[in-house]
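User: I am new to this structure and would like to understand how its descriptions are justified. Could you take me through the reasoning step by step?

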Amino acid sequence: MKMGCDVVTVSTDTQFVHLAWQNSEEELAEVRYPMAADPTGKVSRQFGVYDENSGLALRGTFIINPDGVLTNSEVNFYNLGRNIDELMRKFKANLYMSRKPAEVCPSKWKDEGDKTLVPSEELVGNVHEALVG
Amino acid sequence: MSETVKLGQKVPEIELATYDPSTAKFGNFRLADQIDRRRWTILFFYPADFTFV
């Protein structure tokens with residue numbers, strides 16, 4: 001991602017397995033991000049995604065800002081893939097709001113230029129007008 | 001260390017061995033480096049290599 005963001009994938013496989021997988025799987029031929037190894041599950045546990053029964057990490061995505069603060073968390077069970085468009089939306093929203101801290105992104109916000117809200121006493125009870133008006 | 005990281009909290013230091021396909025080399029990921037370089041980080045956990053999304 002070119003917007004000042006680094007993606008790092010993590011599983012409990014070792015870095016050797018990551019190498020073997022990236023080399024052998026055509027779907028991963030374009031991957032250019034680091035693939036991290038968490039075989040002890042230490043980091044997976046810190047993020048609450050370690051499954052003690054299987055020794056595997058659940059499908060968790062975490063956005064961390066440049067100050068090292070966790071701003072977003074999404075965790076799915078094994079059987080549901082995450083939507084990349086939604087991840088992009090959340091990342092762009094985080095990036096935008098880090099530059100405009102007085103604004104918040106409502107549910108229909110997709111990209112810069114879309115309507116935001118400015119929380120205030122005037123907005124209370126008037127969100128509809130603010131979004132539609 | 002039984003607490004999990006919470007939203008709005010500073011994430012404790014992370015250091016993980018990596019394989020980087022862009023250099024074809026093993027390396028290390030450190031959250032401290034990301035903070036030094038003022039970069040956003042997306043950590044993307046998944047169950048297992050050689051399985052199916």
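Analyst: What follows concerns a predicted model, and the turns below deal with its sheet and with the contact between its chains.

User: How do you know that strand 1 of chain A and strand 3 of chain B pair?

Analyst: Pairing requires at least two bridges between two strands, and strand 1 of chain A is joined to strand 3 of chain B by six bridges in the parallel sense, so the two count as paired. Within strand 3 of chain B, Phe44(B) is the residue that stands opposite Thr9(A).

User: What makes strand 1 and strand 2 of chain A partners?

Analyst: The cut-off is again at least two bridges, and strand 1 (residues 5–11) and strand 2 (residues 35–37) of chain A, which run parallel, are joined by three; therefore they pair. Val10(A), for example, has Ala36(A) as its bridge partner in strand 2 of chain A.

User: Why is the sheet of seven strands called open, and which strands stand at its edges?

Analyst: The order is 6(A)-5(A)-3(B)-1(A)-2(A)-1(B)-2(B), with mixed pairing. Strand 6 (70–76) of chain A and strand 2 (25–30) of chain B are the edge strands, and because each has a single partner strand, one side of each is left without a neighbour in the sheet. From one strand to the next, the twist averages 25°.

User: How many residues does each chain bring to the contact?

Analyst: Chain A gives 48 residues and chain B gives 37 residues. On the side of chain A that touches chain B, strand 1 of chain A supplies the largest share, seven residues, and by class that side has 26 nonpolar, 16 polar and six charged residues.

Terms used
Residues are numbered from 1 along each chain as its sequence is written. Chains are lettered from A and ligands numbered from 1 in the order in which they are written. This is a predicted model: local features need pLDDT of at least 70, side-chain atom pairs count only at pLDDT 80 or more; totals for chains, interfaces and linings use all residues. Helices (H or I, at least four residues) and strands (E, at least two) are DSSP runs, numbered from the N terminus. Axes are lines fitted to C-alpha atoms, for helices over the stretch in contact, and angles run from 0 to 180 degrees between N-to-C directions. Two residues are in contact if their C-beta atoms, placed from the backbone, lie within 7 Å. Ala, Val, Leu, Ile, Met, Phe, Trp, Tyr, Cys and Pro count as nonpolar, Asp, Glu, Lys and Arg as charged, and the others, Gly among them, as polar.
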